[in-house]
Amino acid sequence: MTRARARAVDAGFTQSSDGATGELLAVLAAAVPRGGRILEIGTGVGVGLAWLVAGLGARTDVEVVSLEQDPTVAVLAASHGWPARVRLITGDALAVLPELGRFSLIFADAPAGKWTGLDGTLAALEPGGVLLVDDMRPPVWASADHEAHTRRVRATLLGHATLVATELSVGSGLIVCTRRS
């Protein structure tokens, strides 16, 4: 995590996951079943991804896929030298997501897949799988649209018939959901 945070600082990248969210990511990654898959939507420079990999430890039985739309930022993330089980994809999450299959753990950390295309993210969550969505209660709203999108996502996740969900007052505000089996 230290190298990923240093990359963020050096690049002036301010959208990385905070420490509390990262610690939860590590815990959730450690609980992924044998042969499971993890998806991160919004790699950034790799801070959240570093937490996911740390949670897996020496495990090699879990594939980690991370999507980043911005090619410049994706290059920074790729410079880390990730383990072979990590696959970085640069592209539009909404276009790529339907081709990726299902996942045991999804971290939705970008507008695509959260504000737009949430139904596609939910479709990629396997039964018993966990979805973590951040930035649900940021200290400052970027705009009225930001607040409206977040309100809609919160209502969808907390009221979804196939999810068991809770909101956590951690970091920028988290919602954790499990798809009913």
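1. Strand 5 and strand 7. Val133 stands opposite Ile175 in strand 7. The two strands, strand 5 and strand 7 (residues 174-179), run antiparallel and are joined by 4 bridges. The model discussed here is a predicted one.

2. Strand 5 and strand 4. Val133 also has a counterpart in strand 4, since it is the residue in strand 5 that Ala108 stands opposite. Strand 4 (residues 103-108) pairs with strand 5 (residues 125-133) in the parallel sense, over 5 bridges. Between these two strands the chain passes through helix 6 (residues 118-123), and the resulting β-α-β crossover is right-handed. Strand 5 is thus paired in the parallel sense with strand 4 and runs antiparallel to strand 7.

3. Gly129. This residue has its place in strand 5. Gly129 is buried, and its relative accessible area is 0%. Asp61 lies 68 residues from Gly129 along the chain, and the C-alpha atoms of the two are separated by 16 Å.

4. Confidence. The protein has an average pLDDT of 89, and 90% of the residues score at least 70. Confidence is highest in strand 5, at 98, and lowest in helix 1 (residues 2-11), where the mean is 54. The pairings of strand 5 described above therefore involve the element with the highest confidence in the protein, whereas helix 1 should be read with its mean of 54 in mind.

5. Overall content. The protein contains 7 helices and 7 strands. In sequence order the pattern is α-α-β-α-β-α-β-α-β-α-β-α-β-β. The radius of gyration is 15 Å, close to the 16 Å that the globule rule gives for 181 residues, so the protein is as compact as a globular protein of that length. Along the principal axes, the C-alpha trace spans about 40 × 40 × 30 Å. Of the 181 residues, 48% are buried.

6. Strand 1 and strand 2. Strand 1 (residues 37-41) pairs with strand 2 in the parallel sense, over 5 bridges. Within this pairing, Glu40 stands opposite Ser66 in strand 2. Strand 1, helix 3 (residues 47-56) and strand 2 together form a β-α-β unit, and this unit is right-handed.

7. Strand 2 and strand 3. Strand 2 is also joined to strand 3 (residues 86-90), by 5 bridges, and these two strands run parallel. Here Val65 stands opposite Arg87 in strand 3. The connection from strand 2 to strand 3 goes through helix 4, and this β-α-β crossover is right-handed as well.

8. Burial of strand 2. How many of the residues of strand 2 are buried? In strand 2 (residues 63-68), 5 of the 6 residues are buried, so the strand is largely enclosed by the rest of the structure. Strand 2 has strand 1 as one parallel partner and strand 3 as another.

9. Helix 3. This helix is mostly covered, with 9 of its 10 residues buried. The buried residues are Val47, Gly48, Leu49, Ala50, Trp51, Leu52, Val53, Gly55 and Leu56. Gly57 follows helix 3 and has a positive phi, near 60°.

10. Helix 4. Which residues of helix 4 are buried, and where do they sit around the axis? In helix 4 (residues 71-78), the buried residues include Val73, Ala74 and Ala77. These cover an arc of only 100° around the axis, which puts them on the same side of the helix. Pro71, Thr72 and Val75, on the other side of helix 4, are exposed. At the start of the helix, a side-chain oxygen of Asp70 comes to within 2.9 Å of the backbone nitrogen of Thr72. Thr72 is thus one of the exposed residues of helix 4 and also takes part, through its backbone nitrogen, in this pair with Asp70.

11. Asp135. Phi of Asp135 is positive, near 60°, in a residue other than glycine. Asp135 lies in the loop between strand 5 and helix 7 (144-159). With a relative accessible area of 29%, Asp135 is partly exposed, whereas Gly129 in strand 5 is buried at 0%.

Technical notes: Residues numbered from 1 in each chain as written. Predicted model: local features only at pLDDT ≥ 70, side-chain atom pairs only at ≥ 80, totals over all residues. Heavy atoms only, no water. Pairing = 2+ DSSP bridges. Right-handed = clockwise from strand over helix to strand, strands pointing away. pLDDT = per-residue confidence, 0-100. Buried < 20%, exposed > 50% of the residue type's maximum accessible area, 1.4 Å probe, protein only. Arc of directions from axis to C-beta. Polar contact = N/O pair within 3.5 Å; in protein donor to acceptor, adjacent residues only side chain to side chain. Rg over C-alpha atoms; globule rule 2.2 N^0.38 Å.
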